[in-house]
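Visitor: I should like to take a close look at a single part of this structure. Could you please guide me through one of its sheets and then through what surrounds that part?

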Amino acid sequence: MDKITQFTSATTVLAIDDVDTDQIIPARFLTAITRSNMSNALFADWRFDAQGNEIADFPLNQEGAKDRKILVAGRNFGCGSSREHAPWALHDFGIRAVISSEIADIFSNNSLKNGLIPIIVDVATHKWLLDNPGAEITVDVEASEIRLPQDKDNKVKPVSFPIDAFARHCLLEGIDQTGYLMQQRDKIADFEANRSWQP
Amino acid sequence: MSGKTLFEKVWDDHVVVPETDDTPAVFYIDLHIMHEVTTPQAFNVLRDTGLQVHRPDLVLATMDHSTPTVPVPDLGAGLDAVSDPEPAEQIRQMVKNCEEFGIELHGFGDAHRGIVHVIGPEIGATQPGKTIVCGDSHSSTHGAFGAMGFGIGSTEVGHVLATQCLLQRKPKSMAVNITGKLQRGVSAKDIILALIGKIGVDGGTGHVIEYRGETIRGLNMEERMTICNMTIEAGARAGMIAPDATTIEFLKGREKVPQGSDWDAAIERWLSLASDPDAVFDKEVDLDVSNLEPQVTFGTNPGMVVPISKSIPNDAANATFIKAIDYMQVKADQPMLGTKVDIVFVGSCTNSRMTDLRQVANILDGKKVANSVRMLIVPGSQSIKNQAEEEGLDKIFVAAGAEWREAGCSMCLGMNSDKLGKGELCVSTSNRNFEGRQGPGGRTVLASPETAAASAIAGVIADPREVL
């Protein structure tokens with residue numbers, strides 16, 4: 001797994017609340033049997049019309065969007081189905097962080113396993129981000145903060161975000177969680193041998 | 001020191017290595033149910049890293065999401081004749097993976113092939129006090145038995161295959177206290193739709209919900225499953241109902257339950273799981289269903305719900321609301337009743353069991369589905385299909401002009417040929433009405449089986465209380 005410590009990017013803003021994982025990747029794209037590139041499936045029904053042409057004013061279709069690593073979304077992003085194909089598609093497109101005031105649980109867990117950082121910020125910061133598409137933001141995993149540009153005197157404004165200590169550690173060190181779990185095998189065997197009932 | 005909740009008892013019983021500030025708990029999984037869509041990448045990772053499945057005896061597999069709902073005579077040309085090529089490959093890959101890794105697969109021809117969250121309980125693998133996972137968010141269904149069922153992604157599917165464990169942080173707990181007697185024509189589906197409407201699609205985020213109260217005690221297991229199934233639509237991690245005599249009666253005699261003296265020991269253990277009287281929840285919500293009407297969704301998430309006789313609210317200042325009613329081609333301050341219906345779908349892990357099918361048959365008996373409506377009825381498993389046919393329900397369905405299909409997820413998420421055309425409006429007993437969920441441009445109205453049946457006859461959204 002790649003180590004992720006920090007990165008800076010302009011933002012793409014998708015100012016829609018309750019974006020569910022069926023929008024992020026429609027079910028017809030879930031028939032893949034390998035971890036193939038899913039960037040074309042990302043928001044397929046919002047990015048492309050029935051003839052397959054790009055819908056011009058959709059934020060991810062705009063000039064420069066493919067180079068932007070940070071998506072700012074409305075509240076409750078990633079709700080619905082547990083499909084991990086959702087963070088896969090976002091990551092394949094080039095996105096490395098999603099920022100919102102609320103991000104759904106299962107989507108968050110899946111994202112952290114795929115080098116996509118779910119960043120929850122307070123409502124005021126969220127509003128500023130929604131109102132300022134294209135702002136250059138730094139995501140600092142080590143410091144657990146994002147840094148926003150300021151108008152006056154070129155100072156940056158740091159905003160902390162919550163991140164599970166273990167998930168942060170895995171991102172910084174490039175640790176694969178399967179490996180970590182495999183190291184617990186003795187404890188797992190102990191548990192299996194000594195539990196009070198067997199499933 | 002207060003007592004423990006049902007959830008805390010189950011949680012504490014499965015901690016292999018306790019949670020610390022720096023590390024999540026190593027958490028044991030008693031039952032892992034798998035299907036063909038969220039597993040191929042997990043098996044590939046196992047293959048690539050040379051790992052085996054740690055406890056194949058605790059894994060059950062089936063095929064449901066992308067399977068056609070017509071008979072599949074064989075996995076070769078027979079499958080190709082009735083399936084798009086990619087889903088067919090995915091199905092074959094599942095068979096290959098299960099064979100290679102020694103996993104019990106309920107495939108075509110097996111009485112227990114069906115929707116993952118239907119077959120677990122059906123064969124008695126779902127039991128009180130168990131932790132149960134699947135690469136599917138409706139794993140919450142199993143909570144109806146007092147198990148902790150929750151959805152995981154494909155990477156975590158790999159974790160469970162390799163170690164039978166997951167890394168988990170303990171969620172908070174929420175009690176939902178449900179009181180009141182359901183009126184005729186109002187069912188479990190209406191209860192959970194009303195609850196999601198009340199607390200919102202993020203109302204349960206970060207919590208495990210326990211459904212409590214006299215109303216819950218009066219429901220049968222299939223009705224309890226309907227409620228727990230849609231817990232995820234409120235954003236919660238899992239939804240649970242304490243086991244009782246109803247639970248034990250349902251499980252008695254099923255294939256995978258403990259046998260002999262183990263059965264008696266299990267009953268004792270199961271009945272001790274109920275929340276202690278002095279247990280404390282992080283949040284509590286009350287819902288009285290005495291005056292509950294049948295519910296229908298009007299928008300594009302399960303929280304956009306309205307009682308069937310009332311009008312769609314007017315939330316003109318809310319951009320999400322405007323976008324939703326535009327997509328659905330409905331109007332604020334207008335009722336959903338009387339809206340023209342193109343398709344009626346009875347099925348999904350929410351409502352495809354015998355209770356649901358009997359309710360639909362009761363309404364369709366001697367009546368006809370409107371000429372303008374296509375109705376699909378999709379049983380949750382092969383054995384449910386068999387049982388329904390034994391009871392003659394299929395004859396009622398077909399005589400009414402509905403299609404009686406093979407088991408599978410079908411039109412809930414349109415992965416094979418059962419899907420909506422652009423603009424078609426479907427009254428559906430499934431669990432998600434997101435934009436395009438059932439087919440690009442398709443419009444979904446979530447409802448109970450009885451509301452679906454009444455609407456199929458009327459050709460428009462109709463109140464089942466008028467026909468009962």
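Guide: The account below begins with one sheet of chain B and then moves outward to its surroundings. Please keep in mind that this is a predicted model.

The part chosen is an open sheet of 3 strands in chain B, with the order 1-2-8 and antiparallel pairing. Its edge strands are strand 1 and strand 8 of chain B, each of which pairs on one side only. On average, neighbouring strands of this sheet are turned by 40° against each other, direction ignored.

The pairings may now be taken one at a time. Strand 1 of chain B, residues 15-17, runs antiparallel to strand 2 of chain B, and 2 bridges join them. Within this pairing, B:V15 stands opposite B:F27 in strand 2 of chain B. Strand 2 of chain B covers residues 25-28, and 4 bridges join it to strand 8 of chain B, again in an antiparallel arrangement. Here B:F27 appears once more, for its bridge partner in strand 8 of chain B is B:L166. The residue B:F27 can therefore be followed in both directions, because it stands opposite B:V15 of strand 1 and is bridged to B:L166 of strand 8, and strand 2 lies between these two in the order 1-2-8.

Strand 8 of chain B, residues 165-168, deserves a further look. B:C165 and B:L167 point one way from this strand, whereas B:L166 and B:Q168 point the other way. Are these residues buried or exposed? All of them are buried.

What lies across this sheet? The element in question belongs to the other chain: helix 8 of chain A, residues 185-194, lies across strand 1, strand 2 and strand 8 of chain B. This helix runs at about 145° to strand 1 of chain B.

The sheet thus leads to the interface between the chains. In total, 57 residues of chain B are in contact with 42 residues of chain A. Several elements of chain B each supply at least two residues of the side that touches chain A, and strand 1, strand 2 and strand 8 are among them. Helix 2 (40-49), helix 4 (85-101) and helix 6 (154-163) of chain B are also included. Helix 6 of chain B gives the most to this side, with 6 residues. Sorted by class, the side of chain B that touches chain A has 19 nonpolar, 24 polar and 14 charged residues.

A few words on the partner chain follow. Chain A has 8 helices and 7 strands. Its C-alpha atoms fill a box of roughly 60 × 50 × 25 Å, taken along the principal axes. Of the 199 residues in chain A, 44% are buried. Among contacts in chain A between residues at least 6 apart in sequence, 64% join residues at least 24 apart.

Chain B holds another sheet, which may be set beside the one just described. This is an open sheet of 4 strands with the order 11-10-9-12 and parallel pairing. Strand 11 (238-240) and strand 12 (283-288) of chain B are its edge strands. The twist averages 20° from one strand to the next. Strand 10 of chain B, residues 207-212, is joined to strand 11 of chain B by 3 bridges, and the two run parallel. In this pairing, B:V208 stands opposite B:A238 of strand 11. Helix 7 of chain B, residues 188-199, lies across strand 9 (172-179) and strand 12 of chain B, at about 130° to strand 12.

Finally, helix packing in chain B can be viewed from helix 13, residues 354-364. Its axis and that of helix 16 (residues 449-458) of chain B are 9 Å apart, at an angle of about 30°. That angle makes the two helices roughly parallel, and their crossing is right-handed. The contact includes B:V360 and B:I363 of helix 13 and B:A453 and B:A454 of helix 16. Its residues divide into 6 nonpolar, 1 polar and 2 charged.

Helix 13 of chain B also meets helix 15 (residues 393-400) of chain B, where the axes come within 9 Å and cross at roughly 45°. These two helices are therefore oblique to each other, and the crossing is left-handed. B:L357, B:R358, B:A361 and B:L364 of helix 13 meet B:L393, B:I396, B:F397 and B:A400 of helix 15. By class, this contact has 7 nonpolar, no polar and 1 charged residues.

Conventions: Residues are numbered from 1 along each chain as its sequence is written. Chains are lettered from A and ligands numbered from 1 in the order in which they are written. This is a predicted model: local features need pLDDT of at least 70, side-chain atom pairs count only at pLDDT 80 or more; totals for chains, interfaces and linings use all residues. Axes are lines fitted to C-alpha atoms, for helices over the stretch in contact, and angles run from 0 to 180 degrees between N-to-C directions. Angles under 35 degrees count as roughly parallel, over 145 as roughly antiparallel, 65 to 115 as roughly perpendicular and the rest as oblique. A crossing is left-handed if the near helix is turned anticlockwise from the far one by less than a right angle, and right-handed if clockwise. Two residues are in contact if their C-beta atoms, placed from the backbone, lie within 7 Å. Ala, Val, Leu, Ile, Met, Phe, Trp, Tyr, Cys and Pro count as nonpolar, Asp, Glu, Lys and Arg as charged, and the others, Gly among them, as polar. A residue is buried if 20 or more other C-beta atoms lie within 10 Å of its own, exposed if 12 or fewer, and partly exposed in between; C-beta atoms are placed from the backbone. Two strands pair if DSSP finds at least two bridges between them.
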